[in-house]
Amino acid sequence: MNNKKFNKEEKIILEDFESGQFKKVKNVQKEKECYQEHAKKTLSKSKSINIRISERDLQKIKSLAVEKGMPYQTLISSLLKRYTNKRRKERVS
């Protein structure tokens with residue numbers, strides 16, 4: 001591994017790459033379209049909720065959403081999804 005500074009997520013990706021866990025995709029465009037369609041179907045099944053969040057945290061989330069070029073509610077939803085998926089994987093392991 002290089003001596004460059006990586007954050008935790010980057011280190012995991014690099015380790016996975018170096019261990020050969022990534023495989024080449026033959027038809028990238030077709031694969032991408034498949035995942036986009038799946039994402040559209042998944043995201044269309046949503047429910048509205050109300051939560052209380054500090055003004056400071058909300059401003060941080062909104063700033064991050066602007067950096068990522070997405071609506072802040074979409075960012076919150078994706079963060080929650082990532083967290084719940086991670087927790088599910090931890091329970092299975």
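Student: What phi does Gly69 take just after H3?
Tutor: Gly69 has a positive phi of about 70°, right after helix H3 (helices are DSSP runs of H or I, at least four residues, numbered from the N terminus). This is a predicted model, where local features need pLDDT of at least 70, side-chain atom pairs count only at pLDDT 80 or more, and totals for chains, interfaces and linings use all residues. Residues are numbered from 1 along each chain as its sequence is written, and side-chain values use heavy atoms, leaving out hydrogens and water.

Student: Which residues of H3 are buried?
Tutor: Leu58, Ile61 and Ala65 (buried is under 20% relative accessible area with a 1.4 Å probe, protein chains only; exposed is over 50%). Looking down the axis of H3, the buried residues sit within an arc of 60° (taken from the directions from axis to C-beta atoms), so they line one face of the helix.

Student: And what's on the face turned away from that buried side?
Tutor: That face of H3 carries Arg56, Val66 and Glu67, which are exposed.

Student: New topic: what volume does the largest pocket have?
Tutor: About 1500 Å³. A pocket here is an open set of 1 Å grid points that fit a 1.4 Å probe, with protein on both sides within 12 Å along at least five of seven lines; lining residues have an atom within 4 Å of a point. The volume is the space filled by probe spheres on those points.

Student: Which residues are closest to its centre?
Tutor: Of the 35 lining residues, Ser77, Ser78, Leu79, Leu80 and Lys81.

Student: Which helix gives the most to the lining?
Tutor: H4, with 16 residues. The elements giving two or more are H1 (8-18), H2 (28-43) and H4 (72-92).
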